[in-house]
Each structure stands twice: as structure tokens, then as C-alpha cells.
Amino acid sequence: MHQALYRKWRPQTFDDVCGQEHITSVLRYEAQQGAFSHAYLFCGSRGTGKTTCAKILAKVVNCEHPVNGSPCCQCDACLSIDSGAATDVLEMDAASNNGVDNIRDIRDEVVYLPSALRYRVYIIDEVHMLSVSAFNALLKTLEEPPEHVIFILATTELQKLPATIISRCQRFDFRRISTDALVDRLSYIAAEEGIALDADAARMLAKLAQGGMRDAISLLELCAGVERSVSVERVEASVGLTGRGALLETVNAVADKNYDALFSRVAEVVRSSKDLLVFWQDLISLWRDMLILKTSARAANYLDLTDHEAEEMRRVADRFRKETLLYHCKLLEEALFAMQKANAVKRIVAEMTLVRLCDASLDSSPEAMLSRIASIEEQLVTGRPATVPVKEADRAPLEVPDIKQAAQSAPKTKAEALPKRSGDKRVLHPIRSWMEVVERVSRSAPMVASFVKASRAFTTEDSRVIVRFDNDFAMRMMEQDASRDRLRAAVSAVLRREVGDRELIFEVVGKAADRSVIDEIIEASEDV
């Protein structure tokens, strides 16, 4: 019968346990001195060696010929415990035996001497699952058991244990195993099993295990398959991961505000066998690494990256401010919770969140405001405006004839005192986000917004803003100081630069004058 690799390679002595030297050294010393505690509490995350150390301890307390504080694994006691034939070593799963009756059975049994071994050992796994009544029944026996009884409790959730239980045990905290220790162990097992394991693939498996040896060995067996070879590509295909290169491309697309690349990335993940949640968790991990690089002077101590990966990450992180990274982390976390609750709309949530990552002005949360304020502060310090990527279609100027007669018939305003370009034509660029200006004005003055909505706006090469109205009445209403100031503030916010009063120019142009097909397309796109 096939035996899983993590069971086949389970450590048999304290010397074989990886990454828990602070615990095995104490247990080995107690074994050498013959000074065992009556109760032990092993706590820590999954796959770090709690149950393994409990079984080794059960063997060493009964071993006939211990070697340097570890069991010999050759005497009758060790062999019977390894085979599961020892009736004096009882392993109980508290998740399925959590009632008070189960603990009462143990309390009634401890008074009898061991049948074959020196000590009767009770290993209670996942002890936090015991009921309140069961804990109460265990208290007295755990505090003063007979000399021939040893209790070993194991748990992954220490906070659920009553303080009265913890105080009666010798407590050991199992740490997550380091990536280097996992890589070494995986490489050793792969060599013994005849598996061709790439160094990069071993490190990727170790990272995925998140400090758990059992998870790391299980992933190795999963990826090895029948081919008995494990590469980075094999790991990504088996686990459903997105390659590091693809993740960095996604981050760069957010920095460049490349919406097509972001939608394409989500579509690729959805079409493939990869889980969108796994892709999202990889993105969160990447943003966490960038945030550490931006905020810590000793980032290498907290990042499990090679020198090349750290350099790549640093270049990407330099494209964001730390305020922006904090805002992004909040959005990514909220989206993860939303996708977990609503599987049917995971793709929609992912796409909307990526769009919000590109533009903080789409969000009114405090984190988004902090990101935008940090951008303004940087512009004030450096004197450079924020760089906003513009599509090639938006760069093409639109030439509109200068309507001299209409301009002369309009009343003279202080804004029109600016000198105009020489020639019969000015090169005007339509303001694509004019409807956003209308929305901002409507928040404080809905009537004024009605005049703004009926107008069209352009920017000139000398940074002036030309607003054209269909009739003289609309322009006169907007020339009032309060209306003009509201419009100027909204235009400044949308264009992300200060628009001076002399840079805002009003003109009256007939509704049918100079209306080309391009004008119709522009207005239609603004109304969408």
C-alpha cells in the first residue's frame, strides 16, 4: 500500500526534527537527566512538528536504550510504539472525542499501572476542541496525575485553551520552519526518492508551505507526479499559481493606468485553470512586499526574496508612494473578502478593483484622499506635475476654426483680455472628462451645472481652458463670480492642475456652428 511522503519521512528522533532546535534541545536534556514533566503543551501552526515531537517524546520516555536523549528506535518499546501496538501510548483526537465522557474514561484509566511500558502516555491532539465540561473534568487529573502517567497536549489555537489548563503544563511554542530549512529538507527527500527537483522550484514549494513541513512535502509529492521531476513551471501548473513575471506586469499596468492590460490579465486567469482567488492572494503578497521595501530600512530581513527578485521588486515599488500602497492594500483586502462571499461575481469584483487601483479620484475613502494629498505634496516639493498616461488617440489635436464674429459679439470679460494666438486657427484639445466637471459642480450648484453640461470645453497649447456655450444667456450666467469660481475649481480638480482665473475663457458659439462628426462623437462619449 502506498504511503504518503510526509508519513514516510516523518522524523523518528529529535535529531531529525527541522527548525525546532529550541524545543528539541530541552526535551533531549530532560531525557538525558530522566527529569520528565507530568504534562506538556505543544502549540503552533500546522505542520511544524507538534504531533511528531509528541510521538518521539512518548518513545524516549519508554526507550530501553536512549541515545543522546533520543530514542534508539530498535528496542521493543520503540518498535511497538512505531507500529501502533503499544496499548500504553494512547493518541486521541479531541476534534472527534471532545465530550466529558471521553475525559472521564481517561481519568478512570490513569490509576492503573502500564501493562508493558514504563510510562502511560496520553497524546491529545487539537485539545482546544474539548468542551468546557471536558476541560473541567481534565483539570484535577492534569495537575496531579500518577507518577506513571504523562500527558502531551497539542493545539493550533492556544487562545482557545483555558488559562487553568495552560498553567498546569510545560509549554513549548513551535515556530514556523524557515524557508532555507524547508528547501534543504525537500532537496534531501527528493534526492532519496529519485525526484529531479530544481532549486527554484524547491524554494517556491517552501514559500507556498508557509513554514509547514507537512505542507511542503505534500506539495512536493503532488508536483512530482509520475514524471518524478519538479520545475517552476510544473509547480505553477499544479498549484494554479500566476508566474512572478505576470504579477509584475500587472503591477506595472496599474502604475501605467493601462486598463486594457489589466482586463486582459483577469481574462487570462479566468480562461485558464488558475483560481482567481489564488491570483488575488498573490497580488496581495506582492503589494505587501512593496510596502515593506518602501517603509523598512532592513527589508531583506522580512522578505523571502533572492537578490535579483528584491531588485526587481524595488524598481516596481519606486513607482508608488507609500500612501498609495496603503490605499491599494485596503482595496485588495476588501476585494478578497468580497470575492470569497460572492463566487459568481469574482471577475467583476477583480476588474472594478483594478480600475480603482489606477485612479484614486474614483474613491472618496480616507485612504484614497491620503494618496491624492501625498501626490499633491510631492508636486509642490518637486515642482513637477503628476504624470498621467495618455493614450495615443487622446494626443491627436483637434483643429477647430476660430469664430471671430461670435467672439466679438460677446461681452468683454477679464478672461478675454489674454492675448490670442496669431492666425485664423487655434489648436484645441477636447477635455474628455467634462462630464466629471459637471458632476463636481452639480454637488454644490445643480442649476449652474445645467449650463456647464450644455457647454463644450477645450484646452490650448498654452494651458488655457476654452469653454464654449450655445447662447449668450448661458455665458452671462456663468460669468457671475460664484458660478465662475465653482467651475474653475472643478476644472482644476479634474485636470489636476491649478487653472487661474485669467486662463479660463468663455466663448459663445452657435449650436450648429463648426459642428463636425468628431464633435458629435466627443459629446456622445462624454454622455456615456
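Student: Which residues does M204 touch, not counting residues up to four places away in sequence?
Tutor: Heads-up: this is a predicted model, so local features need pLDDT (the predictor's confidence in each residue, from 0 to 100) of at least 70, side-chain atom pairs count only at pLDDT 80 or more, and totals for chains, interfaces and linings use all residues. Residues are numbered from 1 along each chain as its sequence is written, and side-chain values use heavy atoms, with hydrogens and water left out. A contact here means heavy atoms within 4.5 Å. With residues up to four places away in sequence set aside, M204 touches V232, V235, E236 and L241.

Student: Where does M204 lie?
Tutor: Helices are DSSP runs of H or I with at least four residues, strands are runs of E with at least two, and both are numbered from the N terminus. On that scheme, M204 lies within residues 199-209, which form helix α9.

Student: What covers the buried residues of α9?
Tutor: Buried means under 20% relative accessible area, exposed means over 50%, and partly exposed is in between (1.4 Å probe, protein chains only). In α9 the buried set is A201, A202, M204, L205, A206 and A209. Their cover includes α8 (179-193), β6 (196-197), α10 (213-224), β7 (229-230) and α11 (232-239).

Student: What separates the C-alpha atoms of M204 and S231?
Tutor: Along the chain, M204 and S231 are 27 residues apart. In space, their C-alpha atoms are separated by 9.6 Å.

Student: Which residue follows α9 with a positive phi?
Tutor: Look just past the end of α9 for a phi near 55 degrees. The residue with that positive phi is Q210.

Student: How many disulfides does the structure hold?
Tutor: A disulfide is called when a pair of cysteine sulfur atoms lies within 2.5 Å. The structure's count is zero. Take C72, which is in no disulfide: its nearest cysteine sulfur, 3.4 Å away, is that of C63. By the 2.5 Å cut-off, then, the number of disulfides is zero.

Student: Is C72 buried or exposed?
Tutor: C72 has 16% relative accessibility. C18, at 21%, counts as partly exposed. Because of its 16%, C72 counts as buried.

Student: Which backbone oxygen does the side chain of S37 reach?
Tutor: S37 sits in the loop between α2 (21-33) and β1 (39-44), and its relative accessible area of 16% is why it is buried. Beyond four places in sequence, S37 is in contact with E30, I150 and Q170. At 3.1 Å, its side chain reaches the backbone oxygen of A39.

Student: How many residues of α3 are buried?
Tutor: Helix α3 (residues 50-62) has 13 residues and reaches 19 Å from first to last C-alpha, close to the expected 18 Å (1.5 Å times one less than the number of residues). Among its buried residues are C53, I56, L57 and V60. The helix is mostly covered, and the buried count out of 13 is 12.

Student: Is N68 buried or exposed?
Tutor: N68 is found in the loop between α3 and α4 (76-83). Its phi is near 50 degrees, a positive value in a residue other than glycine. Because its relative accessibility is 58%, N68 counts as exposed.

Student: Which residues does S492 touch, not counting residues up to four places away in sequence?
Tutor: S492 has its place in helix α24 (residues 481-495). It counts as buried because its relative accessibility is 10%. Outside that four-place window, S492 touches R497, E498 and V499.

Student: How many helices and strands are in the chain?
Tutor: The chain has 528 residues, and buried residues make up 46% of them. Of the contacts with a separation of 6 or more, 74% come from residues 24 or more positions apart. As for DSSP elements, the chain has 25 helices and 12 strands.

Student: What pLDDT does the chain average?
Tutor: At least 70 is the score of 86% of the residues. Over residues 386-424 the pLDDT is below 50, though this stretch has 61 contacts in the model beyond near neighbours in sequence. Where pLDDT is low, don't read the predicted coordinates in detail. Across the chain, the average pLDDT is 82.

Technical notes: A polar contact is a pair of N or O atoms within 3.5 Å; within protein, one must be able to donate a hydrogen and the other to accept it, and residues adjacent in sequence count only if both atoms are side-chain atoms.
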